[in-house]
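Colleague: Please give me a close look at one part of this model, and follow its contacts outward. Keep it plain, since I am in my first year.

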Amino acid sequence: MGEQHAGEAQLPTGAFHASELQHLFEASYFSGRTLAPDQARLSDTMIGYWSRFARHGDPNGPGAPAWRPAEPGRDTVLRLVPGPRGIGPVDLCRAHRCGFWGAHRQPEGGAG
């Protein structure tokens, strides 16, 4: 890892199942790590979504980008990442290049 810059996140945990929890809860296994300003804004937004959903069954609220329910046949999801364009709708299949990966998928049973 390179040197730490001022305002840079201190979350060297990488990507793993439930990694979003470090943006939602203060827990001992994340102690000593701080959020960069963009990550702190993302954290506040995520806490708002989760809290409203727990209380009202709807994550949407004033000032937050709309989080639409999933619908069959619609690939648009809410992207939750830090930064100026980080929270908002995104075409999941396009963003993850599903067409490319689908065209290069190996048949069931592995390489033949």
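Modeller: First, a yardstick: a residue is buried when its relative accessible area is under 20%, exposed when that area is over 50%, and partly exposed in between. Keep in mind that this is a predicted model.

The part to look at is helix α1. Helix α1 runs over residues 37–56, which makes 20 residues. From the first C-alpha to the last, α1 reaches 28 Å. That is close to the 28 Å expected at 1.5 Å a residue. Just after α1 comes glycine 57. The phi of glycine 57 is positive, near 80 degrees.

Next, look at what α1 hides. Gln39, Leu42, Ser43, Met46, Gly48 and Tyr49 are buried in α1. The cover over the buried residues of α1 includes two strands, β1 (76–80) and β2 (87–91).

Take serine 43, which sits in helix α1. Its relative accessibility is 7%. Buried means under 20%, so serine 43 counts as buried. Leaving out residues up to four places away in sequence, serine 43 touches His23, Leu24 and Leu35.

Now move along to the aromatic rings. A search of the whole structure turns up two aromatic pairs. One of them joins tyrosine 49 and tryptophan 67. The centres of these rings are 5.0 Å apart, with 90 degrees between the planes. This pair is edge-to-face. Tyrosine 49 belongs to helix α1, while tryptophan 67 belongs to the loop between α1 and β1. The pair therefore ties together parts that are 18 residues apart in sequence.

How buried or exposed are these two partners? Tyrosine 49 has a relative accessible area of 0%, so it is buried. Tryptophan 67 has 30%, so it is partly exposed.

The other pair is phenylalanine 100 with tryptophan 101. The ring centres of phenylalanine 100 and tryptophan 101 lie 4.8 Å apart. Their planes meet at 85 degrees, so this pair is edge-to-face. Planes over 60 degrees apart count that way. Phenylalanine 100 is partly exposed, because its relative accessible area is 34%. Tryptophan 101 has 54% relative accessibility, so it counts as exposed. Phenylalanine 100 also has arginine 97 over its face. Arginine 97 is placed 4.7 Å from the ring centre.

To go back to α1: tyrosine 49 is one of its buried residues, and tyrosine 49 forms an aromatic pair with tryptophan 67.

Terms used: Residues are numbered from 1 along each chain as its sequence is written. This is a predicted model: local features need pLDDT of at least 70, side-chain atom pairs count only at pLDDT 80 or more; totals for chains, interfaces and linings use all residues. Side-chain values use heavy atoms; hydrogens and water are left out. Helices (H or I, at least four residues) and strands (E, at least two) are DSSP runs, numbered from the N terminus. The expected span of a helix is 1.5 Å times one less than its number of residues. Buried means under 20% relative accessible area, exposed over 50%, partly exposed in between (1.4 Å probe, protein chains only). Contact means heavy atoms within 4.5 Å. Rings of Phe, Tyr and Trp (its six-membered ring) pair if their centres lie within 6.5 Å; planes under 30 degrees apart count as stacked, over 60 as edge-to-face and the rest as tilted. A charge sits over a ring if NZ of Lys or CZ of Arg is within 6 Å of the ring centre and within 35 degrees of the ring normal.
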